[in-house]
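Okay, thanks everyone for squeezing in. I'll put the structure up and walk you through it, binding site to begin with, then the sheets, then a couple of backbone oddities.

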Amino acid sequence: MRVVVVGGGIAGAELIRCASAHEALELVLIEPKPRIECQALYPELLSGKVSVEDITAPLKPFCERVGATLISERAISLEEGVVVCERSRVEYDVVVVATGATQNYYGIRGAERAFSIHTLEHALRARQFIESHSPERIVIVGSGLTGVETACELAESLDATIYIVEMMDRVLPTFPERTSSLVGKTLESRGVRVLTSLGVCAIEEEGVALSDGSVLECDMVIWTAGIRPSSFVESLSLPKRNGWLLTDRYLRVREDVFVIGDNAWVEVDGKIATKTGMEAERQARHTAENLARLERGTPLFPYRVRASTDSPVALISTGCGCAVGVYGRMCITMPSRLIYAVKSWIDRSFIRRFR
Ligand SMILES: Cc1cc2nc3c(=O)[nH]c(=O)nc-3n(C[C@H](O)[C@H](O)[C@H](O)COP(=O)(O)OP(=O)(O)OC[C@H]3O[C@@H](n4cnc5c(N)ncnc54)[C@H](O)[C@@H]3O)c2cc1C
């Protein structure tokens, strides 16, 4: 059975790794980037704690090792049995869509000029700007997991004033209130100025125009406020929810199309999967097993969501070698150094698997 995976990020690469254990599957990976990247470590790349080599693994030797064919191109569209790429047409029996997400700027004026750390390229550009311009005032837009971790890293490593602007009334608005309150206090103890209940109207030359009519002057803006589906997913005429590909309980959007990772809307038994590395990896492993079952003609296993929007699971780095753990309504703060050590080990061991 010829399985074509579109996107070699956390979900796609993990799927290839796990599916390679099943010899009856012929694996093809379509991915334009030369490396697998661990996005969870971008905030530490920004502060200079880790290097590009620490947080990436080259795709070509990995694919050679596991016997998968790598097509270093961008997929453009999907036809019956064929993925259309920039220069080639790749036939499939089953396709797995794992193209992740892209930054969402919500059409806000000037926002696309802000720095982002959604991709390695963006994170490196932001780091180069910090190194060459030594900004004194940095505004981070959005206080989700990425915004919070970035603020803590920069507060620890730079002699600059760091602001975090959040439209909702608390940081980490998608997490339980106790987590928001604890992390909010930690941010303040690190010297980060937290501005909540303020929307961003525009990014101007001199700073960030806010919904209360003021302009927050700064030398650098880092946009971390939200994601949207990749352009590939946008081009597909398949069932969707809020723009994401809507899967059934077997993580399929059609009999021959599986969807995993950030680009999937996974809702099983009333639980909506969070768009996290942890869910992406679990969905990849589950799909690798189901592909083997499909090839053997045995029934597929339904997926069970672990980290759902109403019961998140996450380890959040808060700088200075500390982190907090979130498990459903529980927020585990002690021992914060041990929690950071566990997070660090998980992130680094993800990349080591592909070396
Ligand atoms: C800064 C940051 C920090 C994060 N921290 C954490 C964390 O601490 N913990 C956690 O659990 N999660 C974290 N996340 C979220 C986590 O990284 C994502 O949920 C995870 O990467 C999703 O995996 P994915 O494979 O779906 O997407 P990605 O890892 O983004 O991979 C998608 C891949 O698809 C490729 N692609 C896109 N379009 C095409 C196309 N047309 N053709 C071919 N290939 C294509 C891309 O090049 C990319 O390699 C973080 C995210 C960011 C941005």
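So, the ligand. This is a predicted model, by the way, so keep that in mind throughout. There are 30 residues surrounding the ligand, and the closest ones are Ala11, Glu31, Gln39, Asp262 and Gly277. If you sort that shell by residue type, you get 13 nonpolar, eleven polar and six charged.

Where does the shell come from? Three helices, α1 (10-19), α6 (145-157) and α9 (277-296), each put in at least two residues. The largest share is from α9, with three residues.

Now, why does the ligand lie between domain 1 and domain 2? Domain 1 is made of 2-102 plus 227-296, domain 2 is 105-225, and both give residues to the shell, so the ligand ends up between them.

Let me zoom in on some polar pairs. Glutamate 31, which I just listed among the closest residues, has a polar side-chain atom 2.7 Å from a ligand oxygen. Lysine 343 also uses its side chain: a polar atom there lies 2.9 Å from an oxygen atom of the ligand. With alanine 75 we're looking at the backbone instead, where an N or O atom is 2.9 Å from a nitrogen atom of the ligand. And how much of the ligand does the protein bury? On its own the ligand would expose 1,000 Å², and the protein buries 90% of that.

Right, on to the sheets. One is an open sheet of six strands, and if you read across, the order is β5-β2-β1-β9-β23-β22, with mixed pairing. At the edges you have β5 (69-71) and β22 (252-254), each of them pairing on one side only. Going from one strand to the next, the twist averages 25 degrees.

Look at the β5 end for a second. β5 pairs with β2, residues 26-30, in the parallel sense, and there are three bridges between them. If you want a landmark there, find valine 28, which sits opposite threonine 69 in β5.

There's also an open sheet of three strands, ordered β15-β16-β17, and here the pairing is antiparallel. The edge strands are β15 (200-203) and β17 (215-217); each has a single partner, so one side of each is left without a neighbour in the sheet. Ignoring direction, neighbouring strands in this sheet are turned by 25 degrees against each other on average.

How do you get from β15 to β16? Through a hairpin, with three residues joining the two strands. The strands themselves, β15 and β16 (residues 207-210), pair antiparallel over three bridges. Two of the partnerships to click on: valine 200 goes with leucine 210 in β16, and alanine 202 goes with alanine 209 in β16.

Last bit, the backbone oddities. As a reminder, most residues other than glycine have a negative phi, and most peptide bonds are trans. Serine 197 isn't a glycine, but its phi is positive, about 55 degrees. You'll find serine 197 in the loop between β14 (193-195) and β15.

And then there's a cis peptide bond, joining methionine 334 and proline 335, with omega at about -10 degrees. Where is proline 335? In the loop between β29 (330-332) and α10 (336-352).

That's my tour. Happy to rotate things if anyone wants another look.

Conventions: Residues numbered from 1 in each chain as written. Predicted model: local features only at pLDDT ≥ 70, side-chain atom pairs only at ≥ 80, totals over all residues. Heavy atoms only, no water. Near = heavy atom within 4 Å. Polar contact = N/O pair within 3.5 Å; in protein donor to acceptor, adjacent residues only side chain to side chain. Areas by Shrake-Rupley, 256 points an atom, 1.4 Å probe, with all protein chains shown as cover. Helix = DSSP H or I, 4+ residues; strand = E, 2+ residues; numbered from the N terminus. Nonpolar A, V, L, I, M, F, W, Y, C, P; charged D, E, K, R; others polar. Domains from an automatic or database assignment. Pairing = 2+ DSSP bridges. Axes fitted to C-alpha atoms, helices over the stretch in contact; angles between N-to-C directions.
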